[in-house]
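Okay, thanks everyone, I'll keep this short. Have a look at the model on the screen, and I'll walk you through a few spots in it.

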Amino acid sequence: MNDMRCGFPANRLRRLRGNPVLADSVRETILTVQNLMMPLFIVEGKGIREPLASLDGVDHLSVDRLEEVVDPALELGVRSFLLFGLPGKKDGRGSSGSDQDGPVQRALRHMSSGYGNQVLLASDVCMCQYTDHGHCGILKEDGSVDNDSTLKRLGEIAVSHGRAGAHMVAPSAMMDGQVGAIRSALDRSGFEGVSVMGYSAKFHSAMYGPFREAANSAPGKGDRSTYQMDPANGREAIREALQDEQEGADLLMVKPSLLYLDVLANLRRETLLPLAAYMVSGEYMMLRHGARAGAIDGKRSMMEAHLALKRAGADIIITYGAREIARWLSQP
Ligand code: PBG
Ligand code: ZN
């Protein structure tokens with residue numbers, strides 16, 4: 001080791017920070033609008049655009065008013081969307097989830113014919129919005145979630161999304177084998193071009209509260225701890241993700257994101273697949289509420305949080321702040 005090159009005073013790291021041009025040229029991580037994916041909540045009916053009390057800047061939208069939100073997003077450069085549906089009907093088997101006339105399917109048809117390949121249309125594949133009990137799968141007599149019969153339903157839902165024009169499906173139910181089941185269902189139906197983004201490491205988190213209010217998807221009885229991951233388990237998260245990769249996932253996701261940066265960074269070293277991070281509703285609203293209370297600067301904290309996800313290894317960042325961040329990126 002050369003003494004001259006290690007340690008102070010020969011080494012002064014501040015030399016890289018004093019000149020802003022140099023600082024710009026050695027910056028390691030650059031967040032861009034291409035990284036952002038924006039969630040959309042589609043409801044039944046007509047003429048609906050209803051701001052959500054629990055989730056700042058997010059609306060319930062009927063298909064006929066989608067453009068009001070999508071067009072300004074496109075203008076800002078946000079071109080990836082993740083669709084969630086709020087169906088009119090719920091039952092035990094989540095039958096409405098694969099209805100070709102359900103809100104997500106109608107929105108996919110509408111957007112794929114209107115925008116084509118200008119946009120990336122991804123859809124959440126789960127059952128909790130469609131079941132009357134609010135769990136992410138079919139229940140057995142004893143109230144536990146039946147993994148293997150749920151797989152079949154998830155495959156049917158994914159195929160209905162593919163048929164409606166989804167470019168990507170994102171299974172979030174945390175059933176074992178869901179990526180493989182969906183991949184083979186899509187392939188059997190001629191949708192081998194539809195990609196699968198696994199919600200691979202999805203934790204049983206307290207951070208989903210505002211979303212469940214927005215999506216009307218909280219479980220009636222019990223919780224999701226028998227299928228979503230224990231927040232204590234970092235190694236198991238890697239196993240979940242690598243298993244999704246083996247089952248044919250094209251992208252892997254970590255969710256929540258800010259509280260799981262270690263998982264994201266570790267996973268980055270374990271796989272060659274692209275990674276997504278989901279800044280979930282509670283994480284996003286923590287920042288918003290903190291800024292509203294005057295504790296933190298809203299813009300700086302929001303930008304720093306999203307940059308952190310990119311730095312930790314995320315290619316795609318799913319965020320309710322997509323438009324706001326796009327605006328800030330275009331006018332620093
Ligand atoms: C449904 C689903 C959830 C989220 C995305 N898909 C909620 C849950 O598991 O309860 C959470 C998103 C958020 O909080 O922003 N399986
Ligand atoms: Zn679910």
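**A walk from H7 to the ligand**

So, let's start with Glu-240, which is found in helix H7. Keep in mind that what you're looking at is a predicted model. Why pick that residue? Well, UniProt has an unreviewed entry that puts a "binding site" annotation on Glu-240.

Is Glu-240 buried or exposed? Glu-240 counts as buried, because there are 24 C-beta neighbours inside 10 Å, and the cut-off for buried is 20 or more. If you skip residues up to four places away in sequence, Glu-240 touches Ser-200, Ala-201 and Met-229.

Okay, next the cysteines. The UniProt record, again an unreviewed entry, also places a "binding site" feature at Cys-126, Cys-128 and Cys-136. Let me take two of these.

Cys-128 is in the loop between strand S5, that's 120-125, and helix H4, 147-164. Cys-136 is found in the loop between S5 and H4 too. With 23 C-beta neighbours inside 10 Å, Cys-128 comes out as buried, and Cys-136, with 26 of them, is also counted as buried.

And what do they touch? Leaving out neighbours within four places in sequence, Cys-128 is in contact with Gly-134, His-135, Cys-136 and Ser-217. On the same basis, the contacts of Cys-136 include Cys-126, Cys-128, Ala-173, Arg-224 and Tyr-227.

Now, which residues surround ligand 1? You'll recognise Cys-126, Cys-128 and Cys-136, and with them come Asp-124, Ser-172, Tyr-208, Phe-211, Arg-212, Val-280 and Ser-281. Sorted by type, that shell splits into six nonpolar, two polar and two charged residues.

Last stop, helix H8, residues 261-270. Its buried residues are Val-263, Leu-264 and Leu-267. Look down the axis of H8 and those buried residues fall within an arc of 100°, so they line one face of the helix. The textbook background is that an α-helix has 3.6 residues a turn, so residues three or four places apart point the same way.

On the face of H8 turned away from the buried side, you've got the exposed residues Asp-262 and Arg-269.

And what do the buried residues of H8 pack against? Two of the partners are helices, H7 at 234-246 and H10 at 298-312, and the others are strands S7 at 195-202, S8 at 251-255 and S9 at 275-278. That brings us back to H7, the helix with Glu-240 in it.

Notes:
Residues are numbered from 1 along each chain as its sequence is written. Chains are lettered from A and ligands numbered from 1 in the order in which they are written. This is a predicted model: local features need pLDDT of at least 70, side-chain atom pairs count only at pLDDT 80 or more; totals for chains, interfaces and linings use all residues. A residue is near a molecule or strand if its C-beta atom, placed from the backbone, lies within 6 Å of it. Ala, Val, Leu, Ile, Met, Phe, Trp, Tyr, Cys and Pro count as nonpolar, Asp, Glu, Lys and Arg as charged, and the others, Gly among them, as polar. A residue is buried if 20 or more other C-beta atoms lie within 10 Å of its own, exposed if 12 or fewer, and partly exposed in between; C-beta atoms are placed from the backbone. Helices (H or I, at least four residues) and strands (E, at least two) are DSSP runs, numbered from the N terminus. The arc is that of the directions from the helix axis to the C-beta atoms. Two residues are in contact if their C-beta atoms, placed from the backbone, lie within 7 Å. UniProt positions are given in the numbering used here, feature names are shortened, and annotations may be inferred rather than shown by experiment.
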